[in-house]
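User: I'd like to learn how to read a strand pairing in a model like this one. Could you walk me through it?

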Amino acid sequence: MPKKYGALYKYEVKPITIAYDKVFFKSNFINEDFIFDLKGQCLEIVDVYEQKQTLKKQTALIS
């Protein structure tokens with residue numbers, strides 16, 4: 001995970017809940033939540049400051 005100053009950190013995330021189309025993960029080291037939406041093909045991250053970010057899968061651009 002890129003953090004402050006672009007430094008990369010590695011830490012363990014564990015699955016907490018598995019729903020119909022979503023999987024919820026929580027990190028051990030930092031208070032962050034990760035929600036993988038399998039149907040919508042996106043990742044939601046709730047960071048330690050309760051800021052929510054959504055990353056969506058993009059299709060390739062054909063030029």
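Analyst: Gladly! Let's start with one pair of residues: Lys 26 stands opposite Asp 33 in E3. Keep in mind that this is a predicted model.

User: Which way do E2 and E3 pair, and over how many bridges?

Analyst: First, the general idea: strands of a sheet pair through backbone hydrogen bonds, either parallel or antiparallel. Here E2 and E3 pair in the antiparallel sense, over five bridges. The connection between E2 and E3 is a hairpin through five residues.

User: What about E1 and E2, how do they run?

Analyst: E1 and E2 run antiparallel and are joined by five bridges. They also form a hairpin, with three residues between them. To follow the register, look for Thr 17, whose bridge partner in E2 is Phe 24, and for Ile 18, which stands opposite Val 23 in E2.

User: In what order do the five strands form the sheet?

Analyst: The order is E1-E2-E3-E4-E5, in an open sheet with antiparallel pairing. The edge strands are E1 (13–18) and E5 (52–56), each of which pairs on one side only. On average, neighbouring strands of the sheet are turned by 20 degrees against each other, direction ignored.

User: Which residues of E2 make up its covered face, and which its uncovered one?

Analyst: Val 23, Phe 25 and Ser 27 form the covered face of E2, while Lys 22, Phe 24 and Lys 26 form the uncovered one.

User: Which residues make up the largest nonpolar core?

Analyst: As a general idea, nonpolar side chains in soluble globular proteins tend to be buried together. In this model the largest nonpolar core has six residues: Tyr 11, Val 23, Phe 25, Phe 34, Leu 43 and Ile 45. E2 and strand E4 (42–46) each supply at least two residues of this core.

User: How many aromatic pairs does the structure hold?

Analyst: It holds one aromatic pair. The ring centres of Phe 25 and Phe 36 are 5.3 Å apart and their planes stand at 85 degrees, so the pair is edge-to-face; the cut-off for that label is over 60 degrees. Phe 25 sits in E2 (residues 22–27) and Phe 36 in E3 (residues 33–37), 11 residues apart.

User: Is Thr 54 in E5 buried or partly exposed?

Analyst: Thr 54 has a relative accessible area of 41%, so this residue is partly exposed. Leaving aside neighbours within four places in sequence, Thr 54 is in contact with Cys 42, Leu 43 and Glu 44. The C-alpha atoms of Thr 54 and Cys 42 are separated by 6.9 Å.

Notes
Residues numbered from 1 in each chain as written. Predicted model: local features only at pLDDT ≥ 70, side-chain atom pairs only at ≥ 80, totals over all residues. Heavy atoms only, no water. Phe/Tyr/Trp six-rings, centres within 6.5 Å; stacked < 30°, edge-to-face > 60°. Helix = DSSP H or I, 4+ residues; strand = E, 2+ residues; numbered from the N terminus. Core = buried A, V, L, I, M, F, W, Y, C linked by side-chain atoms within 4.5 Å. Buried < 20%, exposed > 50% of the residue type's maximum accessible area, 1.4 Å probe, protein only. Pairing = 2+ DSSP bridges. Axes fitted to C-alpha atoms, helices over the stretch in contact; angles between N-to-C directions. Contact = heavy atoms within 4.5 Å.
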